[in-house]
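Visitor: Could you walk me through one part of this model up close? I'd like to look at the ligand site and whatever is built around it.

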Amino acid sequence: MHVHVYPTHNQVPESELPAPIIVIIDVLRATSVIATALAHGAKNIMTSASIEDALEAKSVNPELLLGGERDAQKIPGFDLGNSPLEYTKEKIQDKRLLLCTSNGTKAVQKALGAETIIAASFLNADAVVNFLANKNKDIAIICSGTNGHFSLDDGLCAGYIIHLLRKSKKPICSDFAELLTLPFEKENFSLSKLLENAFHLNYLDSRGYRADVDYCLNINFLKIVPIWDKTGFVILKDS
Ligand code: MLT
């Protein structure tokens, strides 16, 4: 089992899919939204890289709920923003969603066509690791990043997942993947301390989204694996 981590989705080659299993991470906030929305009963979550495509899909299917952001704010004409706390049972149970965000949903587009695509965050790290350990195949982790730059929250989530995977497997890691696991060698690490100077975290905080940040750093709060099934992300049945 090889594990390779891409620092941002821009580094993923266009020409070939990097591994049979692709794990998308956008801790703040797209993959945290995906896990939360599915846990709260959304039927499925499609993704779109462009606002125009999302609005076009809504014009064909008016019952579709559009969620997402530009510059962390809700997009005009959309039903929901990109705050996981907005995705309550009352708003989204049994609904089909389409998410369009600045980085996370673009990372998903890079993975389309892979044998397996899953969405990971700190919220569902344990469930994701159980899934990966059982599959026992090569893994590419795509950190979505922020506007083309590496985002520490995504990188640490990748490192944490690999750290947990090592408890039952012996993955062969790229040097970057190896580096990302180092903060977790001390079992009593503090995630909020490790992330205190993280750019995107502090940006969201400055825009009034501190509650989102605190929520997204709840390790193993959700026990589900969002998996891509061609209709979008759905909950993996036995996760
Ligand atoms: C993204 O996909 O770019 C992020 O989730 C941005 C955000 O924090 O809303």
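Guide: Here is a tour of the ligand site, with a detour or two along the way. Keep in mind that this is a predicted model.

Let's start with the space itself. The ligand takes up the largest pocket. Around the ligand you'll find D26, L28, R29, A30, E69, N82, T101, S102, N103, G104, H200 and L204. Sort that shell by character and you get three nonpolar, six polar and three charged residues.

Now for the polar side chains that reach the ligand's oxygen atoms. N103 puts a polar side-chain atom 2.6 Å from a ligand oxygen. With R29, an N or O atom of the side chain is 2.7 Å from an oxygen atom of the ligand. For E69, the distance between a side-chain N or O atom and a ligand oxygen is 3.5 Å. How much of the ligand's accessible area does the protein cover? On its own the ligand has 270 Å² of accessible area, and the protein covers 99% of that.

R29 deserves a longer stop. You'll find R29 in the loop between strand 2 and helix 1. The peptide bond that joins L28 to R29 is cis, with omega at about 10 degrees, and both of these residues belong to the ligand's surroundings. Besides its contact with the ligand, the R29 side chain meets that of D212 in a salt bridge, at 2.8 Å from N to O. D212 sits in helix 10 (residues 210–216) while R29 is in the loop between strand 2 (21–25) and helix 1 (30–39), so this pair ties together parts that are 183 residues apart in sequence. The structure holds nine salt bridges, and the R29–D212 pair is one of them.

One last backbone detail, if you like checking torsions. A72 isn't a glycine, yet its phi is positive, at about 70 degrees. This residue is in the loop between strand 4 (65–70) and strand 5 (73–74).

To pull the site together: R29 has a side-chain N or O atom 2.7 Å from a ligand oxygen, follows a cis peptide bond from L28, and pairs with D212 in a salt bridge.

Conventions
Residues are numbered from 1 along each chain as its sequence is written. This is a predicted model: local features need pLDDT of at least 70, side-chain atom pairs count only at pLDDT 80 or more; totals for chains, interfaces and linings use all residues. Side-chain values use heavy atoms; hydrogens and water are left out. A residue is near a molecule or strand if one of its heavy atoms lies within 4 Å of it. A polar contact is a pair of N or O atoms within 3.5 Å; within protein, one must be able to donate a hydrogen and the other to accept it, and residues adjacent in sequence count only if both atoms are side-chain atoms. Accessible areas come from the Shrake-Rupley method with a 1.4 Å probe; for residues, only the protein chains shown count as cover. On a 1 Å grid over the protein atoms alone, a cavity is a set of points where a 1.4 Å probe fits but cannot get out, and a pocket is an open set with protein on both sides within 12 Å along at least five of seven lines; lining residues have an atom within 4 Å of a point. A molecule sits in a cavity or pocket if more than half of its atoms lie within 2 Å of its grid points. Ala, Val, Leu, Ile, Met, Phe, Trp, Tyr, Cys and Pro count as nonpolar, Asp, Glu, Lys and Arg as charged, and the others, Gly among them, as polar. A salt bridge is a side-chain nitrogen of Lys or Arg within 4 Å of a carboxyl oxygen of Asp or Glu. Helices (H or I, at least four residues) and strands (E, at least two) are DSSP runs, numbered from the N terminus.
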